[in-house]
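The exercises below are meant to be worked with the sequence and the 3D view side by side. Try each task before reading its solution.

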Amino acid sequence: MPLHSNGNLSKLYFQDFVLEGFAGGLRTQVLLFAVFLALYMVTVLGNLLMIIVITLNARLHSPMYFFLKNLSFVDLCYSSVIAPNALANFFSSSKVITFAGCATQFFFFSLLATTEGFLLGVMVYDRFMPICSPLRYPSTMCQSACTRLVLGAYCGGCFNSVVQTSFTFHLPFCSSNRINHFFCDVPPLLQIACGNTAINELLFFGICGLIIVGMTFVILISYGYITVTILRMRSGTGRRKIFSTCGSHMTAVTLFFGTLIVMYAQPGAIESMEQGKVVSVFYTLVIPMLNPLIYSLRNKDVKEALRRLGQKHSAM
């Protein structure tokens, strides 16, 4: 490991980190492994199924399902950035992750998690347009516009990820190489940095807070307009159908942004690592697992497509 000297002060800079994960004996580790494995398997199967169903069924080739397919892809990828390494570490004696591996994991996690937040915001816009401005919806939400919106979500995620990764991994990690978490994230990394982290904390809370609070504010305003428009409708059947569609998305938005606010957009999040681990499990594994269930169980078109896919499979 490289040694850096500054006057009379010598600091050892670590090339590897240790992901401490969750405390507990063998029984606890086995139980947690089983829980993580079950959550991850359901996440992979559920999101892959959503992608396949939407791709194969021509009736689902609309903007709403285009965004939903991209959401399933992002959920699948960003849970895969975390879960396999966490599962391997439950029974590993070393639990070592290299500096480059830690930076890579953090980069893709930050990229995909931020992209998901922007995608949920785009999906609100897709619900807002046909309800509040139905005549403009076909021209506004054409295929090229939908593609640009998705690319914009990825670009926003990439910008946040590049900034957070570059600032975080330029810090000197010389006081300890033991990360009190099950994956590489900003709060536990800032805890073990031996340099001044004030700018990093300000940048972290500033950008994350701006994205989370800003998107939440936009979503709440959009749903406010949607609710007013729905209440003005004379058709009770139409109101129920729209409330059902929007209710699925609002459930996903509340779960995702609610956990992010608890984890990242509040003072003291850096210090509360034990609580942070539990919350992190929720938004890295539980929410990606729940999203396909939320959208499929409450959506007649998706359920019908799943039924037809099952019939085709059984007929083969």
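A residue is called buried if its relative accessible area is under 20%, exposed if that area is over 50%, and partly exposed in between, with a 1.4 Å probe and protein chains only. The model is predicted, so local features need pLDDT of at least 70 and side-chain atom pairs count only at pLDDT 80 or more, while totals for chains, interfaces and linings use all residues. Residues are numbered from 1 along each chain as its sequence is written, and side-chain values use heavy atoms, with hydrogens and water left out.

**Exercise 1. The disulfide**

Task: find which cysteines a disulfide joins, and describe the link.

Solution. Begin with the idea itself, which is that a disulfide is a covalent bond between the sulfur atoms of two cysteines. In a model, the test is a pair of cysteine sulfur atoms within 2.5 Å. A search of the whole structure finds one such link, and it joins Cys102 to Cys184 with an S to S distance of 2.0 Å. The angle about the S-S bond is -125°, and the link of Cys102 and Cys184 is left-handed.

Next, place the two ends, using helices (H or I, at least four residues) and strands (E, at least two) that are DSSP runs numbered from the N terminus. Cys102 lies in helix α3 and Cys184 in the loop between β5 and α6 (186-192), so the disulfide ties together parts that are 82 residues apart in sequence. Cys102 is buried, with a relative accessible area of 0%, and Cys184 is buried with a value of 0% as well.

Finally, turn to Cys155, whose sulfur is 7.0 Å from the closest cysteine sulfur, in Cys158, which is too far for a bond. Cys155 counts as exposed at 54% relative accessibility, whereas Cys77 counts as partly exposed at 23%.

**Exercise 2. Aromatic rings**

Task: work out how the rings of Phe17 and Phe173 are arranged, and which parts of the chain they link.

Solution. A pair of aromatic rings is described by the distance of the centres and the angle of the planes. Rings of Phe, Tyr and Trp (its six-membered ring) pair if their centres lie within 6.5 Å, and planes under 30 degrees apart count as stacked, over 60 as edge-to-face and the rest as tilted. By this rule the structure has 21 aromatic pairs. In one of them, Phe17 and Phe173 are edge-to-face, at 5.3 Å centre to centre with 90° between the planes. Phe17 belongs to strand β3 (residues 16-19) and Phe173 to the loop between α5 (143-168) and β5 (178-179), so far along the chain that 156 residues separate them. Phe17 and Phe173 are both buried.

Phe173 also pairs with Phe169, and that pair is tilted because the centres are 6.3 Å apart and the planes stand at 55°. Phe169 counts as buried at 10% relative accessibility, and the value for Phe173 is 2%.

Elsewhere, ring pairs link a cluster whose members include Phe22, Tyr78 and Tyr283. Lys277 lies over the face of Phe22, 5.9 Å from the ring centre; for such a placement, NZ of Lys or CZ of Arg must be within 6 Å of the ring centre and within 35 degrees of the ring normal.

**Exercise 3. Two buried residues in helices**

Task: describe the surroundings of Ser161 and of Pro288.

Solution. Take Ser161 to begin with, which is in helix α5 and is buried, with a relative accessible area of 0%. A polar atom of the Ser161 side chain lies 2.5 Å from the backbone oxygen of Phe107. Leaving aside neighbours within four places in sequence, Ser161 is in contact (heavy atoms within 4.5 Å) with Phe107, Ser110 and Leu111.

Then move to Pro288, in helix α9 (residues 273-297), which counts as buried at 0% relative accessibility. With neighbours within four places again left aside, the contacts of Pro288 include Thr43, Asp75, Ser79 and Tyr283. Ser79 is 209 residues away along the chain from Pro288, yet their C-alpha atoms are separated by 7.0 Å.

Definitions and conventions
A polar contact is a pair of N or O atoms within 3.5 Å; within protein, one must be able to donate a hydrogen and the other to accept it, and residues adjacent in sequence count only if both atoms are side-chain atoms.
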